Amino acid sequence: MKGPDIALTQVTDAINDFSQHQQKKQHVDLRLVRRLTEAAIFARGEDEGFRALEQLSILCAERFSFDLVEKPAFKPNDSVISHIPGLIPKNVTELVWNKVDQMERNGWMSSNPDSVDGLPSLHLNLVTGGRQIFTKASCEGGDSCESFENGICDLIELISPFVYYELLPKVNELLNTTTIKVDDIFLRRYGDELTDGMSRNGISAHYDVFSRLTSVIALDDTAAQGTNGLYTTQQLIADTKTFGTTSNHAALRRFFPLQCGDGVVHTWDVLHGVHIDPGLNRTSLIVWFTDSDEPTQTNVPSWISKRSDLESNDVTQFVLASSLESASILSGELEQQCNNPVPRSSLEDATLPTTGASGDHLHYFDFYLESASRGNSFALTRLGRACEEGLLSSQGLHRAQEILTRLQPSMCLDLPGVPGLHELHSPMNLAKRFWLEGAVRGNAIAQIALGDECMMEASETGDSDVRLLAAVLFALAAQQPGNVHAFDSLARVIDFEVADEKIRNDEDFASSFIVRIAHSVQSTIG
């Protein structure tokens with residue numbers, strides 16, 4: 001496979017960058033992740049592409065801890081991450097853990113789908129909307145109160161002094177305000193076969209849209225070494241016009257080193273998730289805070305809609321779009337673009353263009369498009385699905401074409417199964433290009449979505465190069481923890497190779513690039 005000399009040079013440079021990273025033991029940044037991802041895609045079927053894929057696999061397996069250092073005084077629009085060591089004494093955490101363990105053995109952990117990934121949440125709500133779920137008064141005088149209700153009341157009684165009299169004042173002091181108040185308190189469990197055989201080994205990276213600040217308190221030592229538990233991601237700040245600033249690629253994870261009883265506080269705009277290795281268990285207490293001095297408008301928290309950097313901050317734009325879309329789903333108006341716009345007057349000096357609403361209103365796709373124009377991998381991936389589902393207006397489709405033309409990847413110039421920049425005339429072609437942009441920035445959902453499309457085309461046309469591209473995309477996703485289903489897709493690619501007689505004997509099997517790719521990923525995910 002031949003390509004432009006400049007792209008081949010960039011493949012070599014990306015591989016050399018990895019070697020320098022390993023020698024100097026530097027932390028990974030998005031620039032390195034993107035360059036290796038593009039190298040793996042562009043040089044697919046060649047040794048250089050396979051090396052880039054292997055190098056990314058090594059980076060995904062590495063674990064780095066987050067450096068919990070004190071930051072300067074808070075300023076408006078700042079992201080905040082603050083460490084609060086020893087918030088809850090060990091004797092109290094033991095009592096909390098014992099009570100949670102008892103309730104878990106009784107099957108009382110919630111199995112409702114989680115809003116982030118749709119899997120069983122395995123949590124216990126203690127306080128919702130600032131109100132306790134149960135009070136001691138409501139539990140008096142009934143046999144049923146010897147079970148679930150009393151358990152919740154006992155937990156509230158154990159943790160309340162530390163949340164309301166220790167943590168809450170620290171949070172207000174952190175933001176130099178007095179208006180922050182407790183909104184929700186809940187406990188989460190992670191591990192294998194916890195309740196009725198259900199397991200949860202993590203939760204994908206996300207933003208807490210409806211929490212002004214979030215505090216996570218460790219109730220065990222699973223995260224003490226900074227290699228498991230709660231993580232954020234290292235984001236590249238420089239050169240954002242080329243590389244964007246937001247990615248959830250596994251190589252960028254930085255784990256918070258939290259001993260039992262330690263807490264960490266972060267603002268809503270801090271990307272975070274949870275991952276624990278198989279065989280480990282984790283219990284944590286989560287507190288969501290709201291701002292009593294900032295009323296919400298149009299079902300969107302004002303700490304998002306009133307951000308003064310809304311016009312230029314890709315994270316603010318994406319999170320605002322997500323919250324507006326959630327409101328549309330709840331009101332049953334998802335397919336009616338203009339039925340749930342946000343008034344321009346409710347935003348802080350925003351001058352964003354409109355693509356689906358009247359001049360005085362903005363629709364959530366306006367914000368997805370603005371975020372995507374700045375390289376936000378979440379927005380790029382979401383717009384791929386929006387194009388696939390035909391949700392963008394004609395103005396939105398035109399804006400999408402402009403964005404994709406400007407954001408073209410440096411190496412992936414011409415790919416089989418992926419429309420070129422001169423072919424962006426249909427929503428589905430736009431979807432594939434959006435997924436390509438999300439894929440090169442490390443988004444596993446985009447990698448799988450584009451891989452599925454390539455695999456569909458390969459099954460119809462028999463194009464082996466398109467099938468190889470699908471294999472590389474599935475591998476890029478599968479090597480990131482939490483995406484094991486991508487490996488199943490990769491196995492199906494091998495089945496197609498066998499059915500297409502590309503693999504006819506043991507020698508063909510051993511020499512197949514797709515089989516080599518699958519073996520490499522399998523060794524990564526264990």
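These notes go through a predicted model, from its overall make-up to single strands, helices and one loop residue.

1. Overall make-up. The protein contains 17 helices and 15 strands. Of its 526 residues, 56% count as buried. Among contacts with a separation of 6 or more, 73% are between residues 24 or more positions apart.

2. The five-stranded sheet. An open sheet is built from five strands in the order β1-β10-β9-β12-β7, with mixed pairing. The edges are taken by β1 (64-65) and β7 (202-206); each has a single partner strand, so one side of each lacks a neighbour in the sheet. At the β7 edge, the partner is β12 (residues 272-275), and the two strands pair in the antiparallel sense over three bridges. Within this pairing, Ile203 is placed opposite Val274 of β12.

3. Strand β9 and its two partners. On one side, β9 runs antiparallel to β12, and four bridges join the two. On the other, β9 pairs with β10 (residues 253-255), also in the antiparallel sense, over three bridges. Thr232 takes part in both pairings: its bridge partner in β12 is His272, and its bridge partner in β10 is Arg254. Is β9 buried or exposed? Five of the five residues of this strand (residues 229-233) are buried, so β9 is largely enclosed by the rest of the structure.

4. Gly226, ahead of β9. This glycine sits in the loop between β8 and β9. Its relative accessibility is 1%, and it therefore counts as buried, the cut-off being under 20%. Setting aside neighbours within four places in sequence, Gly226 contacts Phe64, Ser65, Phe255, Phe256 and Pro257. Of these residues, Phe64 and Ser65 make up the edge strand β1 (64-65), while Phe255 falls in β10 (residues 253-255). Gly226 and Phe255 are 29 residues apart along the chain, yet their C-alpha atoms are separated by 5.0 Å.

5. Strand β11. Strand β11 (residues 263-267) has five of its five residues buried, so it too is largely enclosed by the rest of the structure. In a regular strand, side chains alternate between the two faces of the sheet. Both faces of β11 are covered, with Gly263, Val265 and Thr267 buried on one side and Val264 and His266 buried on the other. Strand β2 (residues 81-84) runs antiparallel to β11 and is joined to it by four bridges. Strand β8 (residues 213-218) also runs antiparallel to β11, through five bridges. Gly263 figures in both pairings: it is the bridge partner of Ile84, and it stands opposite Ile217.

6. Helix α12: length and burial. The 14 residues of α12 (residues 427-440) should span 20 Å at 1.5 Å a residue, and the end C-alpha atoms are 20 Å apart, which agrees. Of these 14 residues, 12 are buried, so the helix is largely enclosed by the rest of the structure. The buried set includes Lys432, Arg433 and Glu437 as well as Leu430, Phe434 and Trp435. The cover over the buried residues includes α2 (30-42), α10 (377-388), α11 (394-406), α13 (444-461) and α14 (464-478). Just after the helix, Gly442 adopts a positive phi of about 95°.

7. Packing of α10 on α12. How do these two helices run relative to each other, and what is in contact? Their axes come within 8 Å and cross at roughly 160°. The two helices are therefore roughly antiparallel to each other, the cut-off for that term being over 145 degrees. The crossing is left-handed. On the α10 side the contact residues are Ser377, Leu380, Thr381, Leu383, Gly384, Arg385, Cys387 and Glu388; those they meet in α12 include Pro427, Met428, Leu430, Phe434 and Trp435.

8. Helix α4. For the 16 residues of α4 (residues 90-105), 1.5 Å a residue gives an expected span of 22 Å; the end C-alpha atoms are 22 Å apart, which agrees. The buried residues of α4 are Val92, Thr93, Val96, Lys99, Val100, Asp101, Met103 and Glu104. An α-helix has 3.6 residues a turn, so residues three or four places apart point the same way. The buried residues of α4 pack against β3 (123-128), α5 (148-174), β5 (180-195) and β13 (282-291). After α4 comes Gly107, with a positive phi near 80°.

Terms used: Residues numbered from 1 in each chain as written. Predicted model: local features only at pLDDT ≥ 70, side-chain atom pairs only at ≥ 80, totals over all residues. Heavy atoms only, no water. Pairing = 2+ DSSP bridges. Buried < 20%, exposed > 50% of the residue type's maximum accessible area, 1.4 Å probe, protein only. Expected span 1.5 Å × (residues − 1). Contact = heavy atoms within 4.5 Å. Axes fitted to C-alpha atoms, helices over the stretch in contact; angles between N-to-C directions. Parallel < 35°, antiparallel > 145°, perpendicular 65-115°, else oblique. Left-handed = near helix turned anticlockwise from the far one by under 90°.
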